[in-house]
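Let us go through this model by question and answer. The structure comes first.

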Amino acid sequence: MTNEALGEGRPGTKGRAGWTREQASRIERTDDTVAPIVYPPATEQIPEVHIWDTWFLRNRDGTLATVDGYRVCFSLTAPSDLLPGKRHDVATIRCFYSDDGRNWHNAGPVFEDALGQRQWAGSALYDDDGSVYLFYTAAGEEGADDLTYTQRIVGAGGGSIDTTDGFELSGPWTHHELLQPDGDRYEREDQSRGMIYTFRDPWFFEDPETGETWLLFEANTPVPEGSDVCDGDAALQEFNGSVGVARSPTGDPLEWDLEDPLLDAVGVNQELERPHVVYREGLYYLFISSHLHTFAPGVEGFDALYGFVATDLRGEYVPLNESGLVATNPENAPFQSYSWMAFPHGDEVLVQSFFNYYDFDGDTLDEIAHLSESEQMRRFGGSLGPTLRLDVEGSRTRIIGTLGHWHIPLDGETLPLTDRELIRRGKGNE
Ligand code: FRU
């Protein structure tokens, strides 16, 4: 498929696409982009810790790994008696595993000696020789007295899985600082002009067409004061999210060189979170999560999964569904899910996310903090939400159904018929 067939992208330099205000102004809830309401899962499916951002152990080719029959995932976790808003300050990566893709077991914290004061999101690679690598964000400087917001991208090598007696993931791990912002392509903390900067959420990707090895991450594009970007509008320039990328010249998961961002959203949005790619039928689908409150003035968006498509990894991405909106929460539960992660399964693309604040229809997430502590606790899901099923065709996507909470089908698992398919079949029998 050619770029023309995908729609009109931002005219720009090859290898540097943008999400424009014009595109983002088309964001609106539609039947194809709004997920159904989420109800709390059965008690036995609620983990003993709060979990949020979650990623699966994947093979180099991007498919979910199965290790001796086990699916494996990693989640940011915090004690479930902690106020949910405080969880980012203590986040710890835990491993979970499942032999049926439905019931998950806690294998405990992955590291004893991780870098940073706490660990934020990342990705995990099950390499061809069976070794496990974890990429994560070291947030804050270890040893500092106060909580700090510095973010560094770290790779941990040395992991292996033993299933002789159940499931065990163990080290010894070695932690390698892989990337820091260069201040030129990627904003450093001291250059940030508005909300807190981002340099986090590393995500491993091996390009099936070129064989090149990449690490995507969430970042910001430096926009110096006095710049004429966004017609010199300082209030818009503060919103400068980007999808960063580094390349491994040898394929070594612990050796990376920064390259220019894949896409940015200057004047549109501050946080393009947890970027990841699904490769399908010759096209590269780039997905990010973003928040209602990180859109620049004059653009209205939602807490949602957004996506873009291009004919190569460094191509001129065009927004899916014309605006970029792929999946969001219903209007009466606007914060029920967050941190979406798409992955292929057969003909479909499945999307997992965590169950965030429910039974809450406030206008902003900030309003949560004004509720009593017990209400904040009661309304926080803190587990994985239902898996969404997406039909994806060219630059169009459509939510066609859901699977249960934390249902991540095993390889080759046939999914139930969707409601639409059932209706179609019923009509056929009339
Ligand atoms: C998204 C996110 C990630 C970050 C994590 C910190 O939910 O903001 O970008 O790694 O949460 O808890």
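The turns below cover confidence, the ligand site and the nonpolar cores.

User: What is the mean pLDDT of the protein?
Analyst: This is a predicted model; local features need pLDDT of at least 70, side-chain atom pairs count only at pLDDT 80 or more, and totals for chains, interfaces and linings use all residues. Residues are numbered from 1 along each chain as its sequence is written, and side-chain values use heavy atoms, without hydrogens or water. pLDDT is the predictor's confidence in each residue, from 0 to 100. Of the residues, 96% reach 70 or more, and the mean pLDDT is 94.

User: Over which residues does pLDDT stay under 50?
Analyst: Where pLDDT is low, predicted coordinates should not be read in detail. The model has 35 contacts (heavy atoms within 4.5 Å) beyond four places in sequence for this stretch. The stretch is residues 1-15.

User: How much of the ligand's accessible area does the protein cover?
Analyst: A side-chain N or O atom of Trp52 is 2.9 Å from a ligand oxygen. A backbone N or O atom of Ala121 also lies 2.9 Å from a ligand oxygen. Accessible areas use the Shrake-Rupley method with a 1.4 Å probe. Of the 310 Å² that the ligand has on its own, the protein covers 94%.

User: Which strand gives the most to the largest nonpolar core?
Analyst: A nonpolar core is a set of buried (under 20% relative accessible area) Ala, Val, Leu, Ile, Met, Phe, Trp, Tyr and Cys residues joined through side-chain atoms within 4.5 Å. This one has 72 residues, and Leu57 and Leu134 are among those touching the most other members. With 6 residues, the top strand (a DSSP run of at least two) is E2, residues 49-59.

Methods. Buried means under 20% relative accessible area, exposed over 50%, partly exposed in between (1.4 Å probe, protein chains only). Helices (H or I, at least four residues) and strands (E, at least two) are DSSP runs, numbered from the N terminus. A polar contact is a pair of N or O atoms within 3.5 Å; within protein, one must be able to donate a hydrogen and the other to accept it, and residues adjacent in sequence count only if both atoms are side-chain atoms.
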